[in-house]
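Let's take a friendly walk through this protein together. The structure comes up next, and the report follows it.

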Amino acid sequence: KAGPALLEKGVRAAEGARNIATGANVSRDQALAQARADFQTATNSGIRYDPAAFNTFSQEAETALRANNWNPLSNRQAAVDDALALIQRYQGQPRTIDELHALRQDIGDLHRTAPRTASRLIGVIEDRLDDFITTPANAAATAGNVAEGQQALMNGIGGYSRWAKSEDILR
């Protein structure tokens with residue numbers, strides 16, 4: 001008899017815990033302000049990424065795509081080729097955290113607009129790029145701490161994502 005009520009109470013408790021963990025109890029304005037502050041912290045860290053490490057990331061991203069059934073001859077997967085071309089333009093120079101964030105945004109745009117097959121593969125690239133960005137061995141900081149700058153960038157991306165999703169919900 002108490003089963004359904006107890007189950008409902010447990011569901012509400014789990015939802016509340018998830019909201020706290022994901023920052024869902026933060027207002028939209030607070031989420032955007034925090035994301036901007038995180039992006040500024042990341043920028044201020046002065047992180048520069050090693051060109052050789054980025055070149056290795058680029059090669060590993062292509063290997064990961066092949067392991068996930070990427071077919072470079074498929075027109076339905078042309079957006080994947082576009083993502084790889086973006087990555088190749090960034091090779092050979094030390095890259096700042098701002099530049100890699102811009103690359104991630106461009107790849108994210110491709111991810112959102114690509115057909116399902118290509119979108120799945122671009123998601124693989126995004127995950128690999130996030131791993132590259134957050135690996136301290138790939139970077140050096142001119143001011144501040146590498147790990148803190150990298151974490152600030154990922155926090156900013158997450159905060160901005162929550163803010164953007166709340167905008168979609170309000171529409």
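## Ground rules

Two residues are in contact here when they have heavy atoms within 4.5 Å. This is a predicted model, so to speak of a local feature pLDDT of at least 70 is needed, side-chain atom pairs count only at pLDDT 80 or more, and totals for chains, interfaces and linings use all residues. Residues are numbered from 1 along each chain as its sequence is written, and side-chain values use heavy atoms, with hydrogens and water left out.

## The fold as a whole

The protein chain contains seven helices and three strands, where helices (H or I, at least four residues) and strands (E, at least two) are DSSP runs numbered from the N terminus. Reading from the N terminus, the order is α-α-β-α-α-β-α-α-β-α.

Of the 171 residues, 37% are buried; with a 1.4 Å probe and protein chains only, buried means under 20% relative accessible area, exposed over 50%, and partly exposed in between. The accessible surface of the chain is about 10200 Å², and carbon and sulfur atoms hold 51% of that surface. These areas come from the Shrake-Rupley method with a 1.4 Å probe, and for residues only the protein chains shown count as cover. Among contacts with a separation of 6 or more, 73% join residues 24 or more positions apart.

## Arg-95 in strand β2

Strand β2 covers residues 95-96 and includes Arg-95. Is Arg-95 buried or exposed? Arg-95 counts as buried because its relative accessibility is 13%.

Leaving aside neighbours within four places in sequence, Arg-95 is in contact with Ile-47, Arg-48, Tyr-49, Arg-89, Tyr-90 and Leu-100. With Tyr-90 there is also a polar link: the side chain of Arg-95 reaches the backbone oxygen of Tyr-90 at 2.9 Å. A polar contact is a pair of N or O atoms within 3.5 Å; within protein, one must be able to donate a hydrogen and the other to accept it, and residues adjacent in sequence count only if both atoms are side-chain atoms.

## The largest pocket

Rolling a probe the size of a water molecule over the atoms shows where empty space is left. In this model the largest pocket holds about 430 Å³ of space. A pocket is found on a 1 Å grid over the protein atoms alone, as an open set of points where a 1.4 Å probe fits, with protein on both sides within 12 Å along at least five of seven lines; lining residues have an atom within 4 Å of a point. Grid points are joined across faces, edges and corners, and the volume is the space filled by probe spheres set on the points.

Which residues lie nearest the centre of the largest pocket? They are Arg-104, Arg-112, Ile-157, Tyr-160 and Ser-161, out of 16 residues in the lining. Two or more lining residues come from each of α5 (97-113), α6 (116-133) and α7 (146-170), and α5 gives the largest share, with seven. The lining has four nonpolar, six polar and six charged residues; Ala, Val, Leu, Ile, Met, Phe, Trp, Tyr, Cys and Pro count as nonpolar, Asp, Glu, Lys and Arg as charged, and the others, Gly among them, as polar.

Arg-104 belongs to helix α5 and is buried, at 17% relative accessibility. Beyond four places in sequence, Arg-104 touches Glu-126, Leu-129, Asp-130 and Ile-157.

## Residues that bring distant parts together

Asp-38 sits in helix α2 (residues 28-44) and is buried, with a relative accessible area of 12%. Not counting residues up to four places away in sequence, Asp-38 touches Ala-152, Leu-153, Asn-155 and Gly-156. The C-alpha atoms of Asp-38 and Gly-149 are 8.5 Å apart, across 111 residues of sequence.

Ser-166, in helix α7, is also buried, at 19% relative accessibility. From C-alpha to C-alpha, Ser-166 is 9.5 Å from Ser-27, with their positions 139 residues apart in sequence terms.

## Helix α3 and the loop after it

Glu-62 lies in helix α3 (residues 51-67) and is partly exposed, with 26% relative accessible area. Outside its neighbours up to four places away, Glu-62 touches Trp-70 and Leu-84; the C-alpha atoms of Glu-62 and Leu-84 are separated by 7.7 Å.

Asn-69 is in the loop between α3 and α4 (78-89) and counts as exposed, at 63% relative accessibility. Most residues other than glycine have a negative phi. The phi of Asn-69, however, is positive, near 70°.
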